[in-house]
Amino acid sequence: MNFTDYTFKDYIQEALQELHFVKPTEVQEKLIPVVLSGRDLVGESKTGSGKTHTFLLPIFQQLEEASNNVQAVITAPSRELATQIYQAARQIAEHSKQEIRVANYVGGTDKARQIDKLTSSQPHIVIGTPGRIYDLVQSGNLEIHKAHTFVVDEADMTLDMGFLETVDKIASSLPKELQFLVFSATIPQKLQPFLKKYLSNPVMEQIKTKTVISDTIDNWLISTKGRDRNAQIYELTQLMQPYLAMIFVNTKTRADELQAYLASQGLKVAKIHGDIPPRDRKRIMNQVKNLDFEYIVATDLAARGIDIEGVSHVINDAIPQDLSFFVHRVGRTGRNGLSGTAITLYQPSDDSDIRELEKMGIKFVPKMVKNGEFQETYDRDRRANREKKQDKLDIEMIGLVKKKKKKVKPGYKKKIQWAVNEKRRKTKRAENRARGRAERKAKRQTF
């Protein structure tokens, strides 16, 4: 089905069109009707499955824009996750003719200013980290006693980070007649008491995400190795020779910085992000269509609101904070059966995110730049794979190695060493023979 099959309000449909959301993800298709029905829900799905819009779209659909009350409260365990949800909510709210107040309450922001704003009006939708939301509720400044929806996003992470007790306190401040929505990558046993306490006969859904990119796209992974990222991206541009390349960044500040640097190197490069005024944005898009630019530096939400043809290359300056954006980024190239290349820069701290993407069915080819060209390189897991291979030593080999470690006479040590080496030589010869047979067989089949 398509999003147009839902009876969403006009401004919600406009927001979806701006994002180029046509078909719902599996999570959205299965769970949006459940949320719209008013049932409590526990949705178990991996990062990048489209959970955010699964709860945001029904929240906006059920919103009473003319009301002055808080109608939905959404908690996330980190500032970054809360801000991502907030940005997605703001994108929808901006399409409404009536004002929709969406607030983001996270630690590290000006609490006094937030309190001052709350004295004049309450937000329709509250998003934030548990600690800051509860502080504002406890002080009496944030009034959530009339809310009808409570969302706990990334519940397992909330538990791991020790915030579940605070979420419990927020929940106890909400009315009894409440729709409770819990989303999590996993449902650990320690979360069960909390779920039983607040959820009434919930729908339990476990959805395995199946997300892959087109097979017309070469999806490369390149390590930054501590190098200056600006210089590395410039180096990539000198090797790519693109028809049109999009360079995705995670923040507006980074977009400004990278665009200025690449322009200073003489490249024809535009930038697109949320702070670009509509008039300038329209002018830039006309220039892009006229091929006045060869490179576009863009943030995710801004880029998803535009349709750019002829993208031959995509560079990810960094892995997106919301992994679901990765597929949309890479999918900008390799369209209509044409080939495309996607290059993602990564550092060791990104390893867990890369593994999550691989679990989603995304395959990477490790590459490096050497002697002025792209070359294949070692897989980042080569050490772990080598250790696994070593673990497969047969029993005879392990026994010989163990004997070698024992205190024995010098002459016997030499015999053990010879036996170990001989075993290795035989194993290697056997592997070489098997490889040779396979190659000869492949050649015969070819002819």
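# Close-up views of a predicted model

**Overview. The protein chain holds 18 helices and 15 strands.** The model is predicted. Of the 447 residues in the protein chain, 47% are buried. The accessible surface of the chain comes to about 24,400 Å². Carbon and sulfur atoms account for 48% of that surface. Among contacts with a separation of 6 or more, 74% join residues 24 or more positions apart.

**View 1. Eight strands form an open, mixed sheet.** The strand order is β10-β11-β9-β12-β13-β8-β14-β15. The edges are β10 (269–272) and β15 (373–376). Each edge strand has a single partner, so one of its sides is left without a neighbour in the sheet. From one strand to the next, the twist averages 30 degrees.

**View 2. Strand β8 pairs with β13 and with β14, parallel in each case.** β8 spans residues 217–223. On one side, 7 bridges join β8 to β13. On the other, 3 bridges join β8 to β14 (residues 365–370). Follow isoleucine 222 across the sheet. Isoleucine 222 stands opposite leucine 345 in β13. In β14, its bridge partner is lysine 367. β8 is also mostly covered, with 5 of its 7 residues buried.

**View 3. Two helices lie across strands of the eight-stranded sheet.** Helix α10 covers residues 229–240. The strands it lies across are β8, β9 (245–249), β11 (295–299), β12 (313–316), β13 (340–346), β14 and β15. α10 runs at about 160 degrees to β13. An angle over 145 degrees counts as roughly antiparallel. Helix α12 (residues 278–289) lies across β10 and β11. The angle between α12 and β10 is about 140 degrees.

**View 4. Strand β6 is covered on both faces.** β6 runs from residue 179 to 184, and 6 of its 6 residues are buried. In a regular strand, side chains alternate between the two faces of the sheet. One side of β6 carries Gln179, Leu181 and Phe183. The other carries Phe180, Val182 and Ser184. All of these residues are buried.

**View 5. β6 pairs in the parallel sense with β1 and with β5.** Strand β1 (residues 41–45) joins β6 over 4 bridges. Within this pair, glycine 43 stands opposite phenylalanine 183 of β6. Strand β5 (residues 149–152) also pairs with β6 over 4 bridges. Here valine 151 has leucine 181 of β6 as its bridge partner. Leu181 and Phe183 lie on one side of β6, and both are buried.

**View 6. Helices α1 and α3 cross at roughly 150 degrees.** α1 spans residues 10–18 and α3 spans residues 51–61. Their axes come within 9 Å. The crossing angle makes α1 roughly antiparallel to α3. The crossing is right-handed. From α1, Tyr11, Ile12 and Leu16 make the contact. From α3, the contact residues are Leu57, Phe60 and Gln61. In an α-helix, residues three or four places apart point the same way, because there are 3.6 residues a turn.

**View 7. Helix α6 packs its buried residues against strands and helices.** The helix spans residues 130–138. Its buried residues are Pro130, Arg132, Ile133, Tyr134, Leu136 and Val137. Arginine 132 is therefore one of the buried set, a set that packs against three strands and two helices: β2 (72–75), β3 (102–105), β4 (125–128), α5 (111–120) and α8 (164–172). Just after α6 comes glycine 140, with a positive phi of about 85 degrees.

**View 8. Asparagine 201 and leucine 291 each have a positive phi.** Most residues other than glycine have a negative phi. Asparagine 201 has a phi near 45 degrees. This residue sits in the loop between α9 (192–198) and β7 (203–207). Asparagine 201 is exposed, with a relative accessible area of 59%. For leucine 291, phi is near 60 degrees. Leucine 291 lies in the loop between α12 and β11. Its relative accessible area is 42%, so leucine 291 is partly exposed.

Note on methods
Residues are numbered from 1 along each chain as its sequence is written. This is a predicted model: local features need pLDDT of at least 70, side-chain atom pairs count only at pLDDT 80 or more; totals for chains, interfaces and linings use all residues. Side-chain values use heavy atoms; hydrogens and water are left out. Two strands pair if DSSP finds at least two bridges between them. Axes are lines fitted to C-alpha atoms, for helices over the stretch in contact, and angles run from 0 to 180 degrees between N-to-C directions. Contact means heavy atoms within 4.5 Å. Buried means under 20% relative accessible area, exposed over 50%, partly exposed in between (1.4 Å probe, protein chains only). Accessible areas come from the Shrake-Rupley method with a 1.4 Å probe; for residues, only the protein chains shown count as cover. Angles under 35 degrees count as roughly parallel, over 145 as roughly antiparallel, 65 to 115 as roughly perpendicular and the rest as oblique. A crossing is left-handed if the near helix is turned anticlockwise from the far one by less than a right angle, and right-handed if clockwise.
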